[in-house]
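Here are my notes after going through this one. Have the viewer open while you read, since the points go from the whole chain down to single residues.

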Amino acid sequence: MSDVSDRSDDLSDDLAHVLAMWADDRASRDLGMEATTVEVDHAVVRMTVTDSMVNGHAIAHGGFIFTLADSAFALACNSRGQLTVAAGADVTFVTSARLGDVLVADARQRTTYGRSGITDVTVTRESDGAVVAEFRGRSRSLPPR
């Protein structure tokens, strides 16, 4: 499966800014993340749990799961064309992930009000659909420069 940034010609010109943001996101890229869906208010990002992501309990470190959800959150809340940043986020870990698991973060912007927004992200294990984590991000759009 190719990364969505490789298929920018298939997407609306309205999403060019978020695709450029993703292309410049070295943190997500270096963790092997792949954006498979980018639409207005919605994004899906995949990541395989590697040996450098496993903690002393032989499970995926929660920080990496949070980072996957945060990356999907960033795509969804920036999809409307306004520079938007995280104002806060909470995560609930439901079950563990292990070495080799492919995790899928499905982000949906639920609401915006003024310059603020709420985006929910569900992280699942691709092999069986088990919910690994639920993430709620709060965003703030910045005024135009």
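The points below start with the overall fold, move on to charges and salt bridges, and finish with one buried side chain.

1. First, a reminder: this is a predicted model. So read the distances here as values computed from predicted coordinates.

2. On the fold, the chain has three helices and six strands. Reading from the N terminus, the order is α-α-β-β-α-β-β-β-β. The radius of gyration is 15 Å, close to the 15 Å from the globule rule for 145 residues, so the chain is as compact as a globular protein of that length. If you want box dimensions, the C-alpha trace spans about 45 × 30 × 25 Å along its principal axes.

3. For packing, 40% of the 145 residues count as buried. Take the contacts with a separation of 6 or more: 64% of them are between residues 24 or more positions apart. The accessible surface adds up to about 7,500 Å², and carbon and sulfur atoms hold 49% of it.

4. Now the charges. I get 14 positive and 21 negative side chains, with the centres of the two sets 7 Å apart. Over the whole structure there are 10 salt bridges, and three of them are worth a click, taken in turn below.

5. Start with R46 and E34, whose side chains form a salt bridge at 2.9 Å, N to O. R46 sits in strand β2 (residues 42-48) and E34 in strand β1 (residues 34-39), so the pair ties together parts that are 12 residues apart in sequence. Are these two buried or exposed? Both R46 and E34 are buried. There is also a third partner to look at: E126 joins E34 and R46 in a network of salt bridges.

6. Next comes R80 with D41, where the closest N and O atoms of the salt bridge are 2.7 Å apart. R80 is in the loop between α3 (62-77) and β3 (84-93), while D41 is in the loop between β1 and β2, so this salt bridge ties together parts that are 39 residues apart in sequence. The two ends differ in cover: R80 is exposed, with a relative accessible area of 52%, whereas D41 counts as buried at 18% relative accessibility. Keep the cut-offs in mind here, because buried means under 20% and exposed means over 50%.

7. The third one is D101 with R125, a salt bridge at 3.9 Å, N to O. It links distant parts of the chain, with D101 in the loop between β3 and β4 (102-113) and R125 in strand β5 (residues 116-125), 24 residues apart. D101 and R125 are both buried. For this pair, bear in mind that a salt bridge is counted within 4 Å.

8. Last, have a look at F135, which is in strand β6 (residues 131-141). How buried is F135? Its relative accessible area is 2%, so F135 counts as buried. What does F135 touch, leaving aside its neighbours within four places in sequence? The contacts of F135 are F66, A69, D70, F73, A89, D90, V91, T119, D120 and V121. As for the backbone, the C-alpha atoms of F135 and T92 are 6.4 Å apart, although their positions lie 43 residues apart along the chain.

Methods
Residues numbered from 1 in each chain as written. Predicted model: local features only at pLDDT ≥ 70, side-chain atom pairs only at ≥ 80, totals over all residues. Heavy atoms only, no water. Helix = DSSP H or I, 4+ residues; strand = E, 2+ residues; numbered from the N terminus. Rg over C-alpha atoms; globule rule 2.2 N^0.38 Å. Buried < 20%, exposed > 50% of the residue type's maximum accessible area, 1.4 Å probe, protein only. Contact = heavy atoms within 4.5 Å. Areas by Shrake-Rupley, 256 points an atom, 1.4 Å probe, with all protein chains shown as cover. Lys, Arg positive; Asp, Glu negative; His and termini not counted. Charge placed at Lys NZ, Arg CZ, Asp CG, Glu CD.
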